[in-house]
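Colleague: I should be grateful for a close look at a single part of this model, with enough of its surroundings to place it. Please keep to what can be followed on the structure itself.

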Amino acid sequence: MTNLSWVWWNWNLVYDLRVMLQYEFVRNAFEAGTMIAIVAGVVSYLVVLRRSSFASHALGHVGFSGAAGAVLFGVNPFYGLLLFTTVSGGGIAALGQKASHRDVEIGTVLAFMLGLGLLFLAAYNGFATEAYSILFGDVVGIDNTQVLFTFETSIPVLIVLALVYRQLLFASLDEEVAEAKGMHTFLLGLIFMLALAVAISIAVTVIGVLLIFALTVTPAAIAVRLAKRPAYAIAISVAVALFATWAGTFIAFFEVEPTSFFIVTIVFVIYVIVRALPWISSGLRSLGLASRRPATAPFPGGRERSSSEGVADGVPRSHATDAELT
Amino acid sequence: MPVEIARADHLEVAYRGHPVWSDANFRVNRGEFVAVIGPNGAGKTSLFRLLLGLIRPVQGELRVFGQAPHRGNSKIGYVPQTHVVDRDTNVEAVQLVRLGFSGNRWIPNLTPARVRAEREATEEALRSVGAAELAKKSLGAMSGGELQRIFLAEAIAARPELLLLDEPLASLDLRRARELVELVHTLVRTREVATLLVAHDINPLIRCLDKVIYIANGRVATGLPSEVLTTESLTALYGVPVEVLHDSRGNLVIVGGEDSHKDPDA
C-alpha cells in the first residue's frame, strides 16, 4: 500500500484535487477508476436483475487464482484474471439460463479454483504483496498499462451492452416470453456473463476480489430501491459506483488507510441509508415532522383494498358453488 | 367464411420420446375464444409449445397462419404459466409491456417516431386490460390478478392475431378468475384475436367459449362446448366411464376422469 500521509489535506477541495492530480499515479487511479465504476455500475444492475450476485462473487474468487497463476508464470496478472473469469463466466452461462439457482455447482467449482490459487500462491516466493493487492485491490498502484487495459476492455463491453440492452433486459425480466419471441436467450446469458467477467477483472484492480461485491452488486442493489425504471436505476448505480471510487481515492490520498476500505465503506453507508429510508420517513411521519398524508379509512375486512383491483364491473360475485372440473 | 388462424391434422406430440397425445384435429379461426382443458400433465402446454415452434410434432401437420410454426412469430402473443416475478423485482409494470411491444429489437429506440409508437402501443395495451393506473407500479408489489393483467398487456402490446394464455387463472381466486375471463373475452371480441386459454377448470370460462380443445388420456377432442363436454364424448375420450353433471347455474362437474391421465407433466 502506498503511504501518502506526508501530504496534508485542506478544506479547499479544488486545491486538494490540484495537488493530487500532479501525481501520475493519482491520474491513473482516477482514469481507470472512472471507467471501472461506469462498467461495474451498468453490469451490476443486470447482476441484481438476474439474481446472479453469487456468480459475481464466484468470478472474483476464480479471478484470484487466474491472477496468482499469471504472477507465478511471470505474466501480467490482469491477463490471468481475464482468462479465468471469462472461461468461468462462459461455464456458468452454459450451466443454465439464469445462474441464480446454480449455487451448488458454482460453489463446488469455486472451492476447487481457490485451491488452485492457493497452490500458485505457495509455489511463488515473495508473493505476499501481489496477493494482497489482488485480494483487496490497490487503486493507487494502477500503472499506465493497466489504464490502457481498462479502456481497451471496458469500451467494447459498454458498446456490446448498449446494443443488446433491450434484449438482455427482456430476457432477464421475462425469459420464457423472450424465448417464445425467438430471442436467443442462451446467447444473451453468455454475453451477460462475459461482460460480468470483464467488469470483475478490471474492478479487481480497484477493489480486490474479496471486496468485489461493493462495486459489482451493491451499487445496483442501492439503485433498485430508488428507481423502478431500468434506465434510471442504471444511472443511479453508475453514480454510486463513481462517487464511491472517486471519494474513496480522494480520501485515501490524505489518509493512511487503504483506498478499498473507503470505497467499500462509502458504498455500505449509502446502502444502509437507502435501506433505512422507509423507516426514517415513517418515523418522521409518526412524529408529525413530515407532511401527513390524508388518512385512508381501512376496509372492514381488515386488508386494504386497492382501487386498481376489479376489472369488469357487473361481474357476478356470488358464485361460491362452482364445482371443480378435473 | 371465417379466417383460419391455426389448423391441426392428425397431430401427434411426444415428450422425451414418449407420446403425449396423438390424432388431434382442430381449427381455430380469427376472433375465436378457445379453451384448452384437461388434467395436469395431459399435454396442454405441449400444444402451446408446438404452436410457438419451440417443439416439432412427431406426426401430422400443424399450420399457423397458413405456415409451419416457427419461433419468434410476431403474430403470436404468449403468457406462459410460470412467470417468475419475486418481491425484489422493483421494475415498473410499463417497462415489461414496452418490452412486449419491442423487446426483441437489438438496438434501442433511437428515433422519436419509434419512441412514440412504443409509448402509444404500451398505453393502449394497458388501457385495454384495465391496468392504466398500474403502469408505474412495481412488478414485485403486485397481486396475482394485477400481474396477470400486466402479462396480458405485455402479450397484446404488439397486436398479435393469436393469443396463447397458459393457466392464467391458476393463481387467482374465483372472483378474480371470472374478472380475468371477462377481460380476455372482451379482448377477443374487440380485437378479433384468436385466443387459446389453458385451464383445468372450465366453469369460469364456459359462458364465453366458442370452442373447446379437451386433452386427456393421450387423446384430443375438439368442438363446441356443448358437443365436447358430454358424458358420451368424454367417456370416449378417457376410455373409462365418465359422467358430466350440470348444476342449476349451468356449471359442470366431471366425475370419474381424473385418475385416467397417464403422462407426467409435459
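Modeller: The account below takes one sheet of chain B and a central strand of it, and then moves outward to the neighbouring elements and to chain A. Please bear in mind throughout that this is a predicted model.

The part chosen is an open sheet of six strands in chain B, ordered β5-β6-β7-β3-β8-β9, in which the pairing is mixed. Its edges are formed by β5 (76-79) and β9 (219-223) of chain B, each of which pairs on one side only. From one strand to the next, the twist averages 15°. As general background, the strands of a sheet pair through backbone hydrogen bonds, in either a parallel or an antiparallel manner.

Within this sheet, strand β6 of chain B repays attention. On one side, β6(B) runs parallel to β5(B), and four bridges join the two. Here L163(B) of β6(B) is the bridge partner of G77(B). On the other side, β6 (residues 162-166) pairs with β7 (residues 194-199) of chain B, again in the parallel sense, over five bridges. Two positions allow this pairing to be followed on the structure: L162(B) has A194(B) in β7(B) as its bridge partner, and L164(B) stands opposite L196(B) of β7(B). Helix α5 of chain B packs on this sheet, where it touches β3 (33-37), β6 and β7 of chain B; the direction of α5(B) makes about 160° with that of β7(B).

How well is β6(B) covered? Five of its five residues are buried. The side chains of the strand alternate in direction: L162(B), L164(B) and D166(B) point one way, L163(B) and L165(B) point the other way, and all are buried. An aspartate, D166(B), is thus among the buried residues of β6(B), on the side shared with L162(B) and L164(B).

A second sheet of chain B offers a point of reference. This open sheet has three strands in the order β2-β1-β4, and the pairing is antiparallel. Since β2 (18-29) and β4 (59-64) of chain B stand at the edges with a single partner strand each, one side of each is left without a neighbour in the sheet. The twist in this sheet averages 20° from one strand to the next. Strand β1 (residues 4-15) of chain B is joined to β2(B) by eight bridges, and the two run antiparallel. Along this pairing, L11(B) stands opposite A24(B) of β2(B). Helix α1 (residues 44-51) of chain B packs on the sheet and touches β1, β2 and β4 of chain B, with its direction at about 120° to that of β1(B).

Among the helices of chain B, α3 (residues 112-128) may be followed in detail. The 17 residues of α3(B) reach 24 Å from the first C-alpha to the last, close to the 24 Å expected at 1.5 Å a residue. T122(B), A125(B) and L126(B) are buried in α3(B). Viewed down the helix axis, the buried residues of α3(B) fall within an arc of 95°, so they line one face. This agrees with a general property: an α-helix has 3.6 residues a turn, so residues three or four places apart point the same way. The face of α3(B) turned away from the buried side carries the exposed residues P112(B), A113(B), R116(B) and E120(B). Cover for the buried residues of α3(B) includes α2 and α4 of chain B. After α3(B) comes G130(B), with a positive phi near 70°.

The helix that packs on the six-stranded sheet also leads to the other chain. In the interface, 46 residues of chain B are in contact with 34 residues of chain A. On the side of chain B that touches chain A, the elements giving two or more residues are α2 (93-102), α4 (144-156), α5 (174-191) and β11 (252-255). The largest share, six residues, comes from α5(B). By type, this side of chain B divides into 18 nonpolar, 13 polar and 15 charged residues.

Chain A, the partner, has 13 helices and zero strands. Of its 326 residues, 45% are buried. One example is I222(A), located in helix α11 (residues 218-226) of chain A. I222(A) counts as buried because 25 other C-beta atoms lie within 10 Å, where the cut-off is 20 or more. Leaving aside neighbours within four places in sequence, I222(A) is in contact with I236(A), V240(A), I270(A), Y271(A) and V274(A).

Terms used:
Residues numbered from 1 in each chain as written. Chains lettered and ligands numbered in written order. Predicted model: local features only at pLDDT ≥ 70, side-chain atom pairs only at ≥ 80, totals over all residues. Contact = placed C-beta atoms within 7 Å. Nonpolar A, V, L, I, M, F, W, Y, C, P; charged D, E, K, R; others polar. Buried ≥ 20, exposed ≤ 12 C-beta atoms within 10 Å, placed from the backbone. Pairing = 2+ DSSP bridges. Axes fitted to C-alpha atoms, helices over the stretch in contact; angles between N-to-C directions. Expected span 1.5 Å × (residues − 1). Arc of directions from axis to C-beta.
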